[in-house]
Amino acid sequence: MPSNRQEEKLPTNPREFPDNRTPNFILKAKNGHFHFMMVEPDVSKNYLWYMSEPKLVRVPELEAEMRVPGRRWYATDKAGFELQRRNNAVATEGEPYVCLHNIKDPELYWFGKRHAEPPVEQVTLVISVGELYLKSAIHRKRLVRVLMDSIRRVLQNPQVFRNGDTMIEVRKEMPTKEQLKLLALLPGIAKIYEASQERGERKGDPRGAFICSGAQGIPITPDQRVLALISGGIDSPVAAYRMMTRGCLVNGVHFLNSTNDTASVMEKNRRICERLSSVQGRLDMHYVDISTLQSQIVANVPNHNRTLIYKWFMLSLAASFDDSCFIVTGDSAGQVASQTVHNISTLYPTVCKAVIAPLIGVTKNFIIDEARKINTFDFSIQEGADCCQYMMCKSGANLMMGRRTLEAYVRRIKLTELKVMKEVYRDGKLCESSEFTYYPQSGVRVPNNTPPPAALVQDASSEDDVHDVVYFDAAAGTKIAEQVQMAMMRAPEGNPNSMHMSGREARMAVEKVRSQLAKVMHVPANDIIFTSGGTESNNIALNGYRVVREPWSHASTIENSNIPDGATVVKVVDLVNHETGSIDRNLTRPEGGRLHIDASQGLLKVDFGSLDLSEVDSITVTAHKINGPVGVGAVYLRDLTCNKLFSGGSQEKGIRPGTENVPAIVGFGAALALDRSHSLHKEIDTLMTEELEKMGCEINRRGETSGYIVHATLPPGYSNTDVVSRLSTKYHVEIGTGSACKTNEVNTTVYDTLGKTPAPTRSIRISWDSFATLNDAERVLSALKKVLGEIELMR
């Protein structure tokens, strides 16, 4: 029996709704679209009516229903009205019923009880939206939706609805005073009003008495991530909040010093993070222990210059810490030695990522007032030897350090691995805590035509336009994450089958990743075999068996030649189809046979814990679909049962002989550990499908999808080769035409499986990873629209 959670994931589009399921409700939206739903619609203004208890019948059965007395019938098209007239179903009173043509089969009709828009709950609060008049319509819609989600979170009230582009209404429950105070801090809110008591029949201005002003600004969007240096002082929390009001998702980093007061420093920073997370919803805070680094600075840098060198290393370490857009500090010009105009002009340009100081030109009194407003002031003034006090020079700091002096002192310091504690705060509470080791990649950014200081900067061999490429062909292979590359470079170099220390270190690294993968896949670690990728894994699992598969399954799951008569049958299931992203949860083993899952596209996109794996005999996964390296994968074999494909040594239980690729396996583990909590794949999937349909493209998919792939057919007259080539060469946007393993073939498997007319020369596949942003997706769609227009003019 499917769970409610699974039912809610069914597509609402009537064309995509599974034929073997019956919706509980059919809704007609105000834009004229119909939606199939399993849960009764919430009270809202976004629909005209909905049908309950729908039944699918043929015309004679519908006519019989129309002749039942005591019913008032509504039709949705001309044919339905004709049926009403023919059966004299024209009563104006009675229980309302409605009939609707089945879009997939014109011979069938849906009918059921009709429910008009229910009465709307009383409006209790009206909120005006700030600054969105500068945005385009598509941006306004997205930002208002984000702001509404934040309001629902703060008020713990789902009855929050949009009223045009500039106002939001809260219904049913009146917020408490504490909720109103927090609501006033949410970025994107201009003013808060009581609801008007004189508004009749939902017409006129809904605003009543003015309550308070909001924070103004722009709602926080997850794809604008920045990293704030949180010192524990007064300024840095205010700077972090200022960036929230500009739409940035702020995470924090604090550099722990070598004093004995670490506990009190962390405690007051926790209180600050709890407060900031109550505004933002989620905040990730990192505590980096730089005591060994500070010891080197004390030993190698004179006292009057230490403050600036401390500050530079903090900025530089933060710059390479994650993939945030820029670094945020609480600097205010002239406040202390490290914040003089001259020292800022020396420090900021030499860091390899942009540094933003939102408080640079404001007074201390303003900062204190703002800290009191966001309720962090009382925490910031608590005693504790935080990094601000530790860095304070005891005998007069250098107010004008030059670039050459800075570079000379930096060369004396050797960076080593640093211990990091990560804490995750949600809605004002500490929810998660973990530890990891950070391998810093620090460096000085130098002017053009100036050679960088030795051993300080990474090689920047890639050209600017490479970084400008928007890569949306992730189903063919994702870009390798920087953390993965660093992990591979530091992988043990010994043979994992040797008995010396280097060999044992390599063996431990391999087994650690095996356990890591087993935890993600919810299978025993002893049954996992590392391979060179998905194709080899499929061949190992399917060798010697009679294969039953769908036409659109991956080419590597085709049955091998010379299969003997009477061979065991193995059924192949694509957990996530590599062309359309469709998910198949029907994991039933054939009687007397075996069940194999090709999860190459499903790893970390479908929760294996939600699957019933009791009948599964083998599973294939690969690293290069999850931002890992090419050339490494794994196969799960229940009890290590298979027909051996290779002969050789005893490595990998003798199933895949040959020395294990330790760097690639370590990279696989690093890819598994990447933080994907901020993924916007569902929002991107919704945007892609909506905009592609508006361009005249037909979406090809079936049932539930992963949210990472869209397969579409271009309108007639367009060639996918021309479109993809022009996108890449002119607009630096990269998408696919379908399976990369069938590039040189005429591939019609998607159309064959879906029962559609094949159009392989017009098919495109757009796919993305967990780190794609909505801005990237909008750039892809904008470029595609321009290319279609250019080709249209050339015809």
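## A three-stranded sheet

In this predicted model, three strands form an open sheet in the order E26-E27-E29, and their pairing is antiparallel. Strand E26, residues 698-699, and strand E29, residues 763-767, stand at the edges with a single partner strand each, so one side of each is left without a neighbour in the sheet.

The antiparallel strands E26 and E27, the latter covering residues 709-713, are joined by two bridges, and Glu-698 stands opposite Thr-713 of E27. Helix H20, residues 681-694, packs on this sheet and touches E26, E27 and E29, while its direction makes about 5° with that of E27.

## A buried loop residue

Ile-218 is placed in the loop that lies between strand E11 (207-216) and strand E12 (225-229). Its relative accessible area is 13%, and because buried means under 20%, Ile-218 counts as buried. Although Ile-218 and Cys-248 are 30 residues apart along the chain, their C-alpha atoms are separated by 8.5 Å.

## Positive phi outside glycine

Asp-427 is not a glycine, yet it has a positive phi of about 50°; this residue belongs to the loop between strand E17 (418-426) and strand E18 (429-438), where it is partly exposed, with a relative accessible area of 41%.

Asn-627, likewise not a glycine, has a positive phi of about 70°, and its place is in the loop between strand E24 (618-622) and strand E25 (633-637). With a relative accessible area of 4%, Asn-627 is buried, whereas Asp-427 is partly exposed.

Conventions. Residues are numbered from 1 along each chain as its sequence is written. This is a predicted model: local features need pLDDT of at least 70, side-chain atom pairs count only at pLDDT 80 or more; totals for chains, interfaces and linings use all residues. Side-chain values use heavy atoms; hydrogens and water are left out. Two strands pair if DSSP finds at least two bridges between them. Helices (H or I, at least four residues) and strands (E, at least two) are DSSP runs, numbered from the N terminus. Contact means heavy atoms within 4.5 Å. Axes are lines fitted to C-alpha atoms, for helices over the stretch in contact, and angles run from 0 to 180 degrees between N-to-C directions. Buried means under 20% relative accessible area, exposed over 50%, partly exposed in between (1.4 Å probe, protein chains only).
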